[in-house]
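Hi everyone, thanks for making time. I'd like to walk you through a structure that's probably new to most of you, so let me put it on the screen.

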Amino acid sequence: MTNTPSDQPLKQVNQRGAARLAAVQALYQMDVGGTGVLEIVAEYEEHRLGKELDGDTYLRADASWFRSIVAGVVRDQRKLDPLIGSALQDDWALSRLDSTVRAILRAGTFEILERKDVPVPVIVTEYVEIAKAFFQDEEPKLVNAVLDRIAKQVRGDQRK
């Protein structure tokens, strides 16, 4: 008997990837709508993570990973934003970036700083892929460049 992909449990990496995507969406929603962290986390855990909403089925996600990213970005935003700003080109301010790009960069920077157990290439690749899900042009390249600069600054040449 052969297992079809739907019969096999989701790998933890896929669940973390789904958690990262959900965290970016939640951070965007908070930025644009002014929703609070407790409210947004509860909404996502109750209605979105692994659930169907308005005909869309959300991927099953690692809820604790999701909570960690969203709460960590909110808690550390005053530390994250200057770091991101210093990694942008001189003529760009963080406030000029699209809200989705800001959410991606904040989440990625948070993970680079706080999740030393996750290799930098994994973090950068995951967030570049999220950027590609929303944008086709320069934004994924920007996410790659900024997160790479931040990683080199805070983790050195640790590329393992």
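Before anything else, one term: when I say buried, I mean a residue with under 20% relative accessible area, while exposed means over 50% and partly exposed is in between. And keep in mind that what you're looking at is a predicted model.

Okay, the overall layout. The chain has 160 residues, and 41% of them count as buried. Its secondary structure comes to six helices and two strands. If you follow the sequence along, you get α-α-β-β-α-α-α-α. As for contacts, take those with a separation of 6 or more: 71% of them are between residues 24 or more positions apart.

Now let's go to helix α6, residues 139-155. How far should its 17 residues span? At 1.5 Å a residue you'd expect 24 Å, and the end C-alpha atoms are 23 Å apart, so that agrees. Which residues of α6 are buried? They are P140, V143, V146, L147, I150, A151 and R155. These cover an arc of only 135° around the axis, which means they sit on the same side of α6. And what covers them? Among the elements doing that are α3 (63-87), α4 (99-114) and α5 (120-134). Right after α6 comes G156, which takes a positive phi of about 70°.

Let's stay with α5 for a moment. This helix has 15 residues and reaches 22 Å from first C-alpha to last, close to the 21 Å expected at 1.5 Å a residue. Its buried residues are V120, I123, V124, E126, Y127, V128, I130 and A131. K132 also lies in α5, but K132 is partly exposed, with a relative accessible area of 46%. K132 and V143 are eleven residues apart in sequence, and their C-alpha atoms are 9.7 Å apart in space.

Last stop, the pockets. The largest pocket has a volume of about 230 Å³. What lines it? You'll find L88, Q89, W92, R96, L97, D98, V101, E138, E139, K141 and L142 there. By type, that lining divides into five nonpolar, one polar and five charged residues. And which helix gives the most to the lining? That's α6 again, with three residues.

So if you take one picture home, let it be α6: one side of the helix holds its buried residues, and the helix also gives the most to the lining of the largest pocket. Thanks, happy to chat afterwards.

Terms used. Residues numbered from 1 in each chain as written. Predicted model: local features only at pLDDT ≥ 70, side-chain atom pairs only at ≥ 80, totals over all residues. Heavy atoms only, no water. 1 Å grid on protein atoms, 1.4 Å probe; cavity = no way out; pocket = protein on both sides within 12 Å on 5 of 7 lines; lining within 4 Å. Points joined across faces, edges and corners; volume = space filled by probe spheres on them. Helix = DSSP H or I, 4+ residues; strand = E, 2+ residues; numbered from the N terminus. Nonpolar A, V, L, I, M, F, W, Y, C, P; charged D, E, K, R; others polar. Expected span 1.5 Å × (residues − 1). Buried < 20%, exposed > 50% of the residue type's maximum accessible area, 1.4 Å probe, protein only. Arc of directions from axis to C-beta. Contact = heavy atoms within 4.5 Å.
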